[in-house]
Amino acid sequence: MPEGHSIHRLARQFSDVFLGQRLAVSSPQGRFGDGAALLDGRVVESASAHGKQLFLDFEGGLVLRVHLGLYGAWDFGGDETFAGASSIGAPRRVGEREIADDGGTRLSAAPPPPRGAVRARLVSDHGWADLRGASTCTVETVAEALAVRDRLGPDPLAGRVPGQGRGRGPGEEKPGDDGEEFARRITRRRTPVARLLMEQDIVAGIGNVYRAELLYRARIDPATPGTDLGADRAAALWRDAAATMSQGVRDGRIVTTDPALWTDGPDTLPAPVEAHYVYRRHGLACRTCGTAVMLAEEAGRKLYWCPRCQS
DNA sequence: CGACAATGTCGAT
DNA sequence: TCGACCTTGTCGC
């Protein structure tokens, strides 16, 4: 259940460990058989992300596009070369749970027998990656992948993830700030801002945790129509999304609370129970004012907010 | 061990 | 608005 930060982290991981490598691609589960055959034996030219879409560019103009959906995840393993190349610590698992890296790099270049339904398996000389549970795993032309990216809104993490998007690919990060484009899109509609933040053609990469936490941090009522936001609050939301989600890329977790609130001090990451202001804190006291955090079901997703701070 | 929820999105109604 | 998708951790019996 990844939001954009996890996908950018994955893109960096793929750049680190597979860039320039020739991969054996297979589909132990079988549901990706045709795509695997198309990519098998090709060299990876770039890896990038836009919002929750992951793009792996292979030689010959073929792109592997993956969306993890609700419960997709990648598992990694490899030898010392593979682990040493990873700037995110060669996590064994990225994408599904907000868990810290357990440090348990599998020091074996050979992948284990597939466990469960492995839809795609990528194997280099030094390591491997297994994909399971993804909602989308498809091979496309560069033009097709670009069309998917172009349907998305601006991504607050674009150009903010070091080492990602090297080479020229469909998910290539453009440096620069798309805050004005975000403001145009979100202030054009009367829909409540809580819903607009989840729409990937308004802004790409925000999910149910970040939308609740960003609205709390900005003290914005989730019911505020986009048209009432104003350019100033829209710009502030964009800046905070970029800063907060960048930390998520670095930490491999969503942490939105002020370090001053962490009982173990600001020098380590907080316990999970201290990582959020409102998400999953229904009925608990707001960390700022003590009012009970509210919960409402909205468009099939749970929305959390503080009725006092955010009014 | 079964039920259920979960950081997502699409397509049918 | 609802079920499908199809994985996994958590909780209750």
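Two strands are said to pair if DSSP finds at least two bridges between them. In this predicted model, that description fits strand E7 (residues 120-123) and strand E8, which run antiparallel and are joined by four bridges. One of the matched positions can be picked out by eye: arginine 121 has aspartate 130 in E8 as its bridge partner. Three residues lie between E7 and E8, and the two strands form a hairpin.

E8 has a further neighbour to look for. Strand E5 (residues 73-78) pairs with E8 over six bridges, again in the antiparallel sense. A helpful place to start tracing this pairing is alanine 73, which stands opposite arginine 132 in E8.

How much of strand E8 (residues 127-132) is buried? Six of its six residues are, and the strand is mostly covered. In a regular strand, the side chains alternate between the two faces of the sheet. In E8, Gly127, Ala129 and Leu131 belong to one side, while Trp128, Asp130 and Arg132 belong to the other, and both faces are covered. Asp130, the bridge partner of arginine 121, is thus among the buried residues, as is Arg132, the residue opposite alanine 73.

Attention now turns to the helices, with helix H8 (residues 230-251) as the common partner. Helix H7 (residues 208-217) has an axis that comes within 10 Å of the axis of H8, and the two cross at roughly 125°. Because of that angle, H7 counts as oblique to H8. The crossing of H7 and H8 is right-handed. On the H7 side, the meeting residues are Tyr210, Leu214 and Arg217; on the H8 side they are Leu237, Asp240, Ala241, Thr244, Met245 and Gly248. Sorted by class, the residues of this contact are five nonpolar, two polar and two charged.

Helix H5 (residues 179-186) also meets H8. Their axes come within 9 Å and cross at roughly 125°; H5 and H8 are therefore oblique to each other. This crossing, too, is right-handed. Here the contact brings Gly179, Phe182, Ala183 and Ile186 of H5 together with Ala234, Leu237 and Trp238 of H8. Six of the residues in the contact of H5 with H8 are nonpolar, one is polar and none is charged.

One residue is worth finding in both helix contacts. Leu237 of H8 takes part in the contact with H7, and Leu237 also takes part in the contact with H5.

Definitions and conventions:
Residues are numbered from 1 along each chain as its sequence is written. Chains are lettered from A and ligands numbered from 1 in the order in which they are written. This is a predicted model: local features need pLDDT of at least 70, side-chain atom pairs count only at pLDDT 80 or more; totals for chains, interfaces and linings use all residues. Side-chain values use heavy atoms; hydrogens and water are left out. Axes are lines fitted to C-alpha atoms, for helices over the stretch in contact, and angles run from 0 to 180 degrees between N-to-C directions. Angles under 35 degrees count as roughly parallel, over 145 as roughly antiparallel, 65 to 115 as roughly perpendicular and the rest as oblique. A crossing is left-handed if the near helix is turned anticlockwise from the far one by less than a right angle, and right-handed if clockwise. Contact means heavy atoms within 4.5 Å. Ala, Val, Leu, Ile, Met, Phe, Trp, Tyr, Cys and Pro count as nonpolar, Asp, Glu, Lys and Arg as charged, and the others, Gly among them, as polar. Buried means under 20% relative accessible area, exposed over 50%, partly exposed in between (1.4 Å probe, protein chains only).
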